[in-house]
Amino acid sequence: SFIILPSGGVCSALSKSSRTNKQAARLMEYRETSALPGSATHNENEMLQHPDQPPNPKVLKVAIIGAPNAGKSTLSNQLLGRKVFAVSKKVHTTRSRALGVLTEDDTQIILLDTPGLTTLTKVRRHQLEKSLLVDPWNTVKEADLMVVVVDVADRWACNTLDFEVLKCLAQHPHIPAVLVLNKVDCVAAKDRLLDITAVLTCGVVNGHRVRVRPVIKPPWAEKMPDKHSELSHDEDSAGSEGGTEPNSVLSNEQLKALRGQQGWPHFKDVFMLSSVDREDVDTLKTYFLTRAKPGPWQYHSEVLTDQSPEEVCTSTIREKLLEYLPQEVPYSMNQSIEFWLEGENSELNIAVKLYAKKETHMRMVIGTAGQTVARIAREAGEDLSRLFLRDVRLKLSVKLRR
């Protein structure tokens with residue numbers, strides 16, 4: 001069930017419990033039909049003001065980072081058990097930091113799904129928001145654990161850690177980090193995973209030089225791991241790309257040393273998994289639960305994300321645009337929600353206007369006889385219906401941005 005929790009801006013929560021549509025409808029609070037998207041028309045919801053606390057609550061904030069298109073959002077969705085974050089085969093689908101909440105028993109795991117770490121040059125090339133240069137770095141600062149996701153199906157990308165990822169690790173050596181080799185189901189020669197692991201960890205895991213054993217799941221999967229030790233700061237392995245990263249705090253000497261590295265020698269653990277495999281993902285989830293520390297919950301146990309319904313809607317549409325439009329067209333598109341109304345039978349009627357930068361782009365979005373925009377509206381509406389647990393009638397129109 002979807003619950004809108006407006007407060008100045010609009011906060012939202014997705015209920016994880018499986019209820020019937022009738023029960024879900026009683027939990028839903030939609031803004032007045034006269035209200036504009038994003039306006040505050042209700043009081044702050046008690047679920048955000050006063051999270052329910054078990055007797056001995058535990059919490060862990062996990063920042064999921066990596067190069068663009070490594071599978072971060074897919075992994076986050078699988079951990080949450082619901083498709084909350086947009087996913088596509090193109091890079092930079094995630095455009096801003098989004099939060100997901102996984103609550104089990106007395107433990108709350110806060111997943112910080114970040115945009116792929118990128119450079120100023122790539123932001124300009126793809127005409128992306130400048131916030132992509134800042135959001136991932138700011139998100140990591142509040143994390144208790146970093147998860148570095150690497151796409152091992154990309155033969156070029158898996159031979160070395162992305163330099164932006166290395167910079168992030170080097171600038172936060174006090175935050176424990178684990179390596180996740182994703183998409184192992186796409187690698188035919190499993191022995192190759194051992195070579196990749198050796199390179200990306202510099203042959204060192206948790207402070208010890210190790211011989212990686214040929215197993216997909218780590219040997220501690222069914223037991224509580226030892227209490228982690230603090231990461232040591234290796235001044236010679238830190239680095240940053242001077243001039244392109246606004247949060248850079250590393251010297252040119254550190255940069256030079258970092259550029260000579262292929263991996264990071266301070267990972268606490270290594271996972272080899274497929275983010276679409278439920279059993280593999282459960283292994284990682286178990287690890288998070290065992291690493292959680294005593295502390296108060298920040299969100300009610302019913303909350304699944306901090307995204308507003310409008311943000312979920314626009315990101316879902318963006319996912320379809322990326323899937324069906326070529327090259328740079330989706331990255332230059334803007335969206336505006338025209339209305340968001342609840343019908344007589346509890347269905348949602350949503351109208352969104354898409355703004356194209358060029359007339360040729362507008363024609364591509366519309367497609368022959370309007371088939372492309374109709375398909376995008378239909379598929380996005382179906383995804384939103386499954387997420388909101390009610391019928392969603394989504395109407396898309398396209399206009400040239402002048």
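Modeller: Helices and strands here are DSSP runs, with at least four residues for a helix and at least two for a strand, numbered from the N terminus. By that reading the chain has 12 helices and 14 strands. Please keep in mind that this is a predicted model.

Biologist: Happy to. What percentage of the chain's residues is buried?

Modeller: Of the 402 residues in the chain, 55% are buried. Contacts add to that picture: among those between residues at least 6 apart in sequence, 73% join residues at least 24 apart.

Biologist: Now to the interior. Which residues of the largest nonpolar core touch the most other members?

Modeller: That core has 41 residues, and Val148, Leu161, Leu169, Leu179 and Leu181 are the ones that touch the most other members. Helix 6 (residues 163–171) supplies the largest share of this core, six residues. Take Leu169 as a case: leaving out residues up to four places away in sequence, Leu169 touches Met146, Val148, Leu161, Ala177, Trp264 and Phe267. There is also a second, separate core of 28 residues, with Trp340, Leu348, Val352 and Phe388 among its members.

Biologist: Let's move to helix faces. How should I read a helix that has a buried side?

Modeller: Start with the general idea: an α-helix has 3.6 residues a turn, so residues three or four places apart point the same way. Helix 8 (residues 252–259) is a good case, with Gln254, Leu255 and Leu258 as its buried residues. Looking down the axis of helix 8, these buried residues fall within an arc of 105°, so they line one face.

Biologist: Which helix do the buried residues of helix 8 pack against, and which exposed residues sit on the face turned away?

Modeller: They pack against helix 6. The face turned away from the buried side carries Asn252, Glu253 and Lys256, which are exposed.

Biologist: And aromatic pairs? How do I describe one?

Modeller: A pair of aromatic rings is described by the distance of the centres and the angle of the planes. This structure holds three aromatic pairs. In one of them, Phe271 and Tyr287 meet edge-to-face, at 5.2 Å centre to centre with 75° between the planes. Phe271 belongs to strand 10 (residues 269–272) and Tyr287 to helix 9 (residues 278–291), so the pair ties together parts that are 16 residues apart in sequence.

Biologist: Are Phe271 and Tyr287 buried or exposed, and which residues do ring pairs link into a cluster?

Modeller: Both Phe271 and Tyr287 are buried. Ring pairs link Phe271, Tyr287 and Phe288 into a cluster.

Biologist: I'd like to try some threonines. Which backbone oxygen does the side chain of Thr197 reach?

Modeller: The side chain of Thr197 reaches the backbone oxygen of Leu193 at 2.8 Å. Thr197 lies in helix 7 (residues 191–200) and has a relative accessible area of 1%, so this residue counts as buried.

Biologist: What about Thr314, buried or exposed?

Modeller: Buried means under 20% relative accessible area, so Thr314, at 18%, counts as buried. Thr314 is in helix 10 (residues 309–324), and its side chain reaches the backbone oxygen of Glu311 at 3.1 Å. Not counting neighbours within four places in sequence, Thr314 contacts Gln335 and Ile337.

Biologist: Last, cysteines. How many disulfides are there?

Modeller: The count comes to zero disulfides. Cys158 is buried, with a relative accessible area of 1%, while Cys186 counts as exposed at 52% relative accessibility.

Methods. Residues are numbered from 1 along each chain as its sequence is written. This is a predicted model: local features need pLDDT of at least 70, side-chain atom pairs count only at pLDDT 80 or more; totals for chains, interfaces and linings use all residues. Side-chain values use heavy atoms; hydrogens and water are left out. Buried means under 20% relative accessible area, exposed over 50%, partly exposed in between (1.4 Å probe, protein chains only). A polar contact is a pair of N or O atoms within 3.5 Å; within protein, one must be able to donate a hydrogen and the other to accept it, and residues adjacent in sequence count only if both atoms are side-chain atoms. A nonpolar core is a set of buried Ala, Val, Leu, Ile, Met, Phe, Trp, Tyr and Cys residues joined through side-chain atoms within 4.5 Å. Contact means heavy atoms within 4.5 Å. A disulfide is a pair of cysteine sulfur atoms within 2.5 Å. The arc is that of the directions from the helix axis to the C-beta atoms. Rings of Phe, Tyr and Trp (its six-membered ring) pair if their centres lie within 6.5 Å; planes under 30 degrees apart count as stacked, over 60 as edge-to-face and the rest as tilted.
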